[in-house]
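Please look at the predicted model below, in which several stretches of the chain are examined one after another. The report that follows should be read with the structure in view.

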Amino acid sequence: MNTTTTHYITLLSKTSKFKPVLPRSCQAKSEKQNTEMASKGAVEEDKKVPLLEDFDSRYEEDDQNQTLTRRFWIESKKLWQIVGPAIVSRLTSYSMLVITQAFAGHLGDLELAAISIANNVVVGFDFGLLLGMASALETLCGQAFGAKKYHMLGVYMQRSWIVLFLCCILLLPLYLFASPILKIFGQPSDIAELSGVASIWMIPLHFSFAFQFPLQRFLQSQLKNMVIAWVSVAALLMHVFVSWLFVYKLQLGLVGTAVTLNFSWWVLVFGLLGYTIFGGCPHTWAGFSIEAFSGLWEFTKLSAASGVMLCLENWYYRILILMTGNLQNAEIAVDALSICMTINGWEMMIPFAFFAGTGVRVANELGAGNGRGAKTATMVAVSTSMVIGIFFWLLIVIFHNDIGLIFSSSHNVLEAVNQLSILLAFTVLLNSVQPVLSGVAVGSGWQSYVAYINLGCYYLIGVPLGFVMGWVFDQGVMVRTISFYF
């Protein structure tokens, strides 16, 4: 084939939609030239685009070349995107309980002790269990969202609603028979009777947990934390108004304080549910599904395991209050310890928010194979939470004479709180670090180790130490606060 024929065939192939058929000798030559050109292009492409390992190593070198201040600032911004809204939502939700206790405290010492027992013991026992059971959604919804199986998030949440609602029914006798149960554990008759009345009026609050906790985990898995924060703020403002109306204007007394919690927490439920149903989650909420009733037993086992792990720490504080009720002058002792625990729990919402944020950041960095980034996230979270803890430590030390005024005007109660204030300050300081380290452990996949450590510290050391020093050495309520350290 001459040169003119070759040029003609080439021109024809460009202008015609039919591919020309060349002789076998020309096809072989052409394929050889194409192979050589492809190999040459591949070599040049490899020179232009580095391998994945080279890219990762260069990324790590750039990260190592950054100054510590620069890395701290970048990690802080990432951390606070998670922690900021979490602090707002946790503080506002817990503040509802604090405000209720504050209103009850100004009604009288007996009312404060009764609402403290109802809040911290009766509600607190099932609160920890249901909160832990709902935490199973963090794993299930997170994995489903990452796998882009968006419709399964709604199904998992509905399964959690069913399981937690049934669990609420099983726990209902705890509210109905609160008075005799408290008397069995040695609580004074007057405190037990009034706590039982408050507990019965808190049954609607009890059932709100079955819906609010799964809704919160459902939205958190989609990083819709700001929605939870805004709804929580609105519910808190509503709670303040309703508490003032029921207690001071309508003068409903202790019953009024209990009813306000029911109202405010259901506002929180309907706010999150309204956002979810009416267009806030178009990809993850496809309506109520019959699929939610399948696989309930497997879901129940997973939820129960998560609930037991979390409620170990929560129940420890409830046991301390029950033990305090057996001391001499139990009314003052319960009031003082409840106030200190409420202040401690209020501030603990900040470290708990860092617990959630640290777990996410450490898990993300380890999942990306960036161990240095996980160390940076740990350092930033621990140091930031420690600074906040030092700030609140100073506040308690400086205003130790006045911190009890929020909850009570009784001279005896205020004096007892003042005696516990220094121990409370150091409890707050130490608790600013422990939850963050637990978040690091959870992000690293060490949940079982954390559970065993908590079980040993709280139940094998803390509770026996409080029992021995409280009764054998007659050290009173001071020992209950000391046992927090262990």
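Residues 194–215 form a span that is 95% helix and 0% strand, and the C-alpha atoms at its two ends lie 32 Å apart. This span is one of those that UniProt, in an unreviewed entry, lists under "transmembrane region", and residues 161–182 are also included in that record. The table sets out the values for these two spans.

| Span | Distance between end C-alpha atoms | Helix | Strand |
|---|---|---|---|
| Residues 161–182 | 29 Å | 91% | 0% |
| Residues 194–215 | 32 Å | 95% | 0% |

Two packed helices are described by the angle between their axes and the distance between the axes. In this predicted model, helix 11 (residues 203–220) packs against helix 13 (residues 253–280) at an angle of about 30°, and their axes are 9 Å apart. The crossing in which helix 11 passes helix 13 is left-handed. On the side of helix 11 the contact involves, among others, F207, F211 and L215, while helix 13 contributes residues including W265, W266 and L272. Sorted by class, the contact between helix 11 and helix 13 comprises 17 nonpolar residues and five polar ones, with no charged residues.

Just as the helices can be described, so can a loop residue. Q251 is found in the loop between helix 12 (225–249) and helix 13, and its phi is near 50°, which is a positive value in a residue other than glycine. Is Q251 buried or exposed? Q251 counts as exposed because its relative accessibility is 65%, and exposed means over 50%.

Note on methods:
Residues are numbered from 1 along each chain as its sequence is written. This is a predicted model: local features need pLDDT of at least 70, side-chain atom pairs count only at pLDDT 80 or more; totals for chains, interfaces and linings use all residues. Side-chain values use heavy atoms; hydrogens and water are left out. UniProt positions are given in the numbering used here, feature names are shortened, and annotations may be inferred rather than shown by experiment. Helices (H or I, at least four residues) and strands (E, at least two) are DSSP runs, numbered from the N terminus. Axes are lines fitted to C-alpha atoms, for helices over the stretch in contact, and angles run from 0 to 180 degrees between N-to-C directions. A crossing is left-handed if the near helix is turned anticlockwise from the far one by less than a right angle, and right-handed if clockwise. Contact means heavy atoms within 4.5 Å. Ala, Val, Leu, Ile, Met, Phe, Trp, Tyr, Cys and Pro count as nonpolar, Asp, Glu, Lys and Arg as charged, and the others, Gly among them, as polar. Buried means under 20% relative accessible area, exposed over 50%, partly exposed in between (1.4 Å probe, protein chains only).
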